[in-house]
2 protein chains.
Amino acid sequence: MTMKLYCFGESGNAYKAALAMELAGLEWEPVYVDFFNGETRTEAFREISIQGEAPVLVDGDMTLSQSGVIQQYITDKTGKFAGAPEDKYEVLRWVLWDNHKMSSQVGMTRFLMNFLPEDKRPAPVIQFMQGRLQAAWTTLNAHLEGREWMVGTGITNADLSCCSYLFYPEPFGFDRADWPHIDTWLTRISEQPGWKHPYDLMPGNPSDRA
Amino acid sequence: MTMKLYCFGESGNAYKAALAMELAGLEWEPVYVDFFNGETRTEAFREISIQGEAPVLVDGDMTLSQSGVIQQYITDKTGKFAGAPEDKYEVLRWVLWDNHKMSSQVGMTRFLMNFLPEDKRPAPVIQFMQGRLQAAWTTLNAHLEGREWMVGTGITNADLSCCSYLFYPEPFGFDRADWPHIDTWLTRISEQPGWKHPYDLMPGNPSDRA
């Protein structure tokens, strides 16, 4: 049975899982979650994810949420994106760093700046988050100086986690031109065979609601 | 050689690592990091953690940062806190959920509400974060209804990650009395042999700076 990813195009967290499956060459299909109309809060969706999380991967009897968990499952299934055995902790470190210091803040800030009605956008919160995000991008850009990949000599879950939100076109305070090492690395990822932009890989994008 | 944890009492992330080592019965010693006077930004500290992160665990040749990585290392070393093999993804899910949806926001909010000078505390940001945190505690409290532990039948890294900030006394919008299932679970954790409060387990606490 084909694996199903409950996802929507705007979700950078869903993109981490979708991109991992796509680059690993797995058979999978997206199931559109109408997040912006409240689908994750419905009883039907709570049958799939009791916490109303997205993405959710369903593979036979296995139902998984949290993008980092789905990434680990794909690695266990395919042997891909783990890096060298001696780099295991370093890969996990960047996945956690991304969840802790970057994606959680980017996801929220991008939502506030783009997906709320203009008169509901909390300017002081957005401004505060910009400062935190500049610090995260400074860390990421410095780490990538002189490196092709986040960890070791090939693409790992560290890359797939950290890159995800940075491919989105909506404004959230990130401009690739300001961060040359991040920019080169994102280009390198996008040149991987099978790479697709989030809006080409998953259903749903802001123009659907325009 | 005794393992060294670079830490400070106020850090809930450091507490996750310290508590894991203490409950596992490992020999370790804390090395105080004077975070509030900028030690993590010094050249000397950057020799230990290039990104200026705390906690950092040094065990012989191994230097690890991100609390979730240190927790995994302790599990690999001792076999403790992993849960049953079939619960591997569920334990990781809660560690990631905590990093992504709870600790990152609690840590920041508690800092803004307690460790910044009173005239520098950004009220709109604090108010906004309270809403996010109420959602996290609602999720946690609902999950713990009818459960002794976050996952399976014993204490795991999911408990050690999710509990950490909730033992701190400073105000950050969390009152145990509002969340009965969280409250019972925190009591259960604190009754584990060897449990210590963060300010008893690690050097440094707010009264040092009063």
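Trainee: How many salt bridges are there across the interface of chain A and chain B?

Mentor: Five, going by the rule used here. Keep in mind that this is a predicted model.

Trainee: Which residue of chain A does B:Lys101 pair with?

Mentor: B:Lys101 forms a salt bridge with A:Glu53, and their closest N and O atoms are 4.0 Å apart. The cut-off is 4 Å, so treat that pair with some care.

Trainee: OK, and polar contacts across the interface of chain A and chain B, how many residue pairs?

Mentor: Twelve residue pairs, both partners at pLDDT 80 or more. On the chain A side, the elements that give two or more residues are strand E4 (62-65), helix H3 (67-78), helix H4 (88-115) and helix H5 (123-144). H4(A) has the largest share, with 15 residues. Sorted by class, that side of chain A has 16 nonpolar, twelve polar and six charged residues.

Trainee: What area is buried between chain A and chain B?

Mentor: About 3,000 Å², with carbon and sulfur atoms giving 66% of it. In chain A, the residues losing the most area to chain B are A:Tyr89, A:Leu96 and A:His100, together 23% of what that side buries. As for residue counts, 34 residues of chain A touch 34 residues of chain B.

Trainee: Switching to chain A by itself, which domains does the assignment give?

Mentor: Domain 1 is 3-81 + 195-209, and domain 2 is 85-190. Their centres, taken over C-alpha atoms, are 19 Å apart. Domain 1 of chain A puts 23 residues into the contact and domain 2 puts in 21.

Trainee: Does UniProt have anything there, and what residues does it list for "domain: GST N-terminal"?

Mentor: The UniProt record, an unreviewed entry, lists residues 1-82 of chain A under that name. In the model that span is 37% helix and 22% strand, and its end C-alpha atoms lie 25 Å apart.

Trainee: Back to the two domains of chain A. How much area do they bury between them?

Mentor: About 1,700 Å², 60% of it on carbon and sulfur atoms. On the domain 1 side, A:Lys16, A:Phe81 and A:Trp195 supply 34% of the buried area, more than any other three residues.

Trainee: What does the side chain of A:Lys16 meet in a salt bridge?

Mentor: A:Asp98, at 2.8 Å from N to O. The rule finds one salt bridge across that domain interface, along with 13 residue pairs in polar contact, both at pLDDT 80 or more.

Trainee: And which helix gives domain 1 of chain A the largest share of its side touching domain 2?

Mentor: H1(A), with seven residues. By class, that side of domain 1 has twelve nonpolar, eight polar and three charged residues.

Technical notes:
Residues are numbered from 1 along each chain as its sequence is written. Chains are lettered from A and ligands numbered from 1 in the order in which they are written. This is a predicted model: local features need pLDDT of at least 70, side-chain atom pairs count only at pLDDT 80 or more; totals for chains, interfaces and linings use all residues. Side-chain values use heavy atoms; hydrogens and water are left out. Contact means heavy atoms within 4.5 Å. Buried area is the accessible area (1.4 Å probe) that two parts lose on being put together, summed over both. A polar contact is a pair of N or O atoms within 3.5 Å; within protein, one must be able to donate a hydrogen and the other to accept it, and residues adjacent in sequence count only if both atoms are side-chain atoms. Helices (H or I, at least four residues) and strands (E, at least two) are DSSP runs, numbered from the N terminus. Ala, Val, Leu, Ile, Met, Phe, Trp, Tyr, Cys and Pro count as nonpolar, Asp, Glu, Lys and Arg as charged, and the others, Gly among them, as polar. UniProt positions are given in the numbering used here, feature names are shortened, and annotations may be inferred rather than shown by experiment. Domain bounds come from an automatic or database domain assignment.
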